[in-house]
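Before turning to single residues, it helps to take in the whole chain and then its annotated regions. The paragraphs that follow go in that order.

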Amino acid sequence: MAKPIKWGIIGLGKIADKFATDLVKVTHTQLHAVASSSIERAKDFAQKFGAPYHYDSYEDIFKTPELDVVYIATPHSSHAEYSILCLKNKMPVLCEKPFAMNLKQVEKMVEAARENDTFLMEAMWTRFLPVIQKTQELIEEDRIGKIKTIHADFGFVAPFTPERRTLNPALGGGALLDIGIYPAYLSLLLLGYPTDIHAMSTFGKTGVDETTSIVFKYPQATALLNATFGSRTRTEALIYGEKGYIHLPERFHESKTVTLYETDKDPLTFTFERETRGYNFEIEEVNNCLRNNKKESVKMPLSMSVKLMSLLDEIRQKAGIRYEGIDS
Ligand SMILES: NC(=O)c1ccc[n+]([C@@H]2O[C@H](COP(=O)([O-])OP(=O)(O)OC[C@H]3O[C@@H](n4cnc5c(N)ncnc54)[C@H](OP(=O)(O)O)[C@@H]3O)[C@@H](O)[C@H]2O)c1
């Protein structure tokens, strides 16, 4: 029987709860330790998910015996700091998206992973969903021909809570880094790094980007991408080729279905039911990497995180999205 992989979590907010709900459903996987700024939250969270160790300081998590890996679920602004802290303690890391605030920080994280010979991966969970694998297969099988255009969007109405991370510039708030990363990543995955980037943003009361619209140019294709906190958009992805198109329906980044529309043929829908939100797939990837002593994932390698952050930096520069202390 496979040895259980024992996970720790740093930062017990909304995503930590969803992630832990999926984690405890993965076979041979245990939530072993949690760390929070609040001892009550740590205790309640540990009790809810059956974790034997809990702490009111992030650093204390390294005292845990037999801990295999730490998942970082704090706001973007502290991803680099806590990832590097874990890596210096030789603790493998799965860190939430966006990996950090800019490329400089990502490069330091990669350096720390290499210097300490320790596993590091960005929690780009969409990469591991069966629908995304299916989409790639359909493209590789030439079912839609060469991709000509990608349309992808992500939008919801963010409640006006200026202190919370979504709208708070000090915590890396704004639509691009929070949700625009998904359409940008899809385009990067399917078409590679664009040759030209155009981007524009509108800004809300707290100064973060409320809407960011992006055009990527490739030698023979374009991508039209949008992210907004101002309205609930369809949050779908359409990949148009010469011979048809592929549709990832609403909330494409966590979709259970994908439909292929080949010219002059009936549409074909592929469904991948699951009883989780979908975080189990990235958890299984990390488990497999650790079991096989891999220092990074082949599917979401550090080079991909470097490209993704370069892309986000370039979009920010074109759209005028700036963070104090990060860009100055
Ligand atoms: N993959 C996904 O589907 C997905 C979905 C949502 C969010 N995310 C990512 O996950 C990260 C966290 O998002 P979230 O929605 O879970 O945020 P959240 O609800 O605000 O929780 C973040 C937690 O981080 C800790 N923290 C540490 N420093 C903090 C600070 N200065 N201000 C506020 N909290 C701080 C707090 O936990 P303690 O008090 O317990 O220490 C807090 O509860 C973000 O980077 C986001 O992009 C990913």
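Helices, of at least four residues, and strands, of at least two, are here DSSP runs numbered from the N terminus. In this predicted model, the chain holds eight helices and 14 strands. Its radius of gyration is 20 Å, close to the 20 Å that the globule rule gives for 328 residues, so the chain is as compact as a globular protein of that length. Taken along the principal axes, the box that the C-alpha atoms fill is roughly 60 × 50 × 35 Å.

Of the 328 residues in the chain, 56% are buried, and among the contacts with a separation of 6 or more, 66% are made by residues that lie 24 or more positions apart. The accessible surface amounts to about 14500 Å², and carbon and sulfur atoms contribute 50% of that area. As for charge, the chain carries 40 positive and 43 negative charges, and the mean positions of these two sets are 1 Å apart.

Two stretches of the chain carry domain annotations in UniProt. An unreviewed entry there assigns residues 5-121 to "domain: Gfo/Idh/MocA-like oxidoreductase N-terminal"; in the model this stretch is 38% helix and 21% strand, with its end C-alpha atoms 16 Å apart. For residues 132-246, the unreviewed UniProt entry lists "domain: GFO/IDH/MocA-like oxidoreductase", and here the chain is 23% helix and 37% strand, while the end C-alpha atoms are separated by 11 Å.

Within helix 2, which spans residues 39-49, one may look at Ile 39. The relative accessible area of Ile 39 is 35%, which places this residue in the partly exposed class, since that class lies between the 20% limit for buried and the 50% limit for exposed residues. Setting aside residues up to four places away in sequence, Ile 39 touches His 54, Tyr 55 and Asp 56; in the case of His 54, 15 residues away in sequence, the C-alpha to C-alpha distance is 7.9 Å.

Tyr 218, by comparison, belongs to strand 9 (residues 209-218). With a relative accessible area of 4%, Tyr 218 is buried, because that value is under 20%. Apart from neighbours within four places in sequence, the residues in contact with Tyr 218 include Ser 187, Leu 188, Leu 191 and Gly 192, and also Tyr 193, Pro 194, Thr 195 and Ala 223. Thr 149 is 69 residues from Tyr 218 along the chain, yet their C-alpha atoms are separated by 9.5 Å.

The backbone also deserves attention at a few loop positions. Most residues other than glycine have a negative phi, and most peptide bonds are trans. Against that background, the bond joining Lys 97 and Pro 98 is a cis peptide bond, with omega about -15°, and Pro 98 itself lies in the loop between strand 5 (93-95) and helix 4 (103-115). Asp 117, located in the loop between helix 4 and strand 6 (120-122), has a positive phi near 50° although this residue is not glycine.

A positive phi is also found at Asn 293, again a residue other than glycine, where the value is near 55°. The loop that holds Asn 293 runs between helix 7 (280-291) and helix 8 (302-319). How accessible is Asn 293? Its relative accessibility is 56%, so Asn 293 counts as exposed, the cut-off for that class being over 50%.

Methods:
Residues numbered from 1 in each chain as written. Predicted model: local features only at pLDDT ≥ 70, side-chain atom pairs only at ≥ 80, totals over all residues. Heavy atoms only, no water. Rg over C-alpha atoms; globule rule 2.2 N^0.38 Å. Buried < 20%, exposed > 50% of the residue type's maximum accessible area, 1.4 Å probe, protein only. Contact = heavy atoms within 4.5 Å. Areas by Shrake-Rupley, 256 points an atom, 1.4 Å probe, with all protein chains shown as cover. Lys, Arg positive; Asp, Glu negative; His and termini not counted. Charge placed at Lys NZ, Arg CZ, Asp CG, Glu CD. UniProt positions renumbered as here; feature names shortened; annotations may be inferred.
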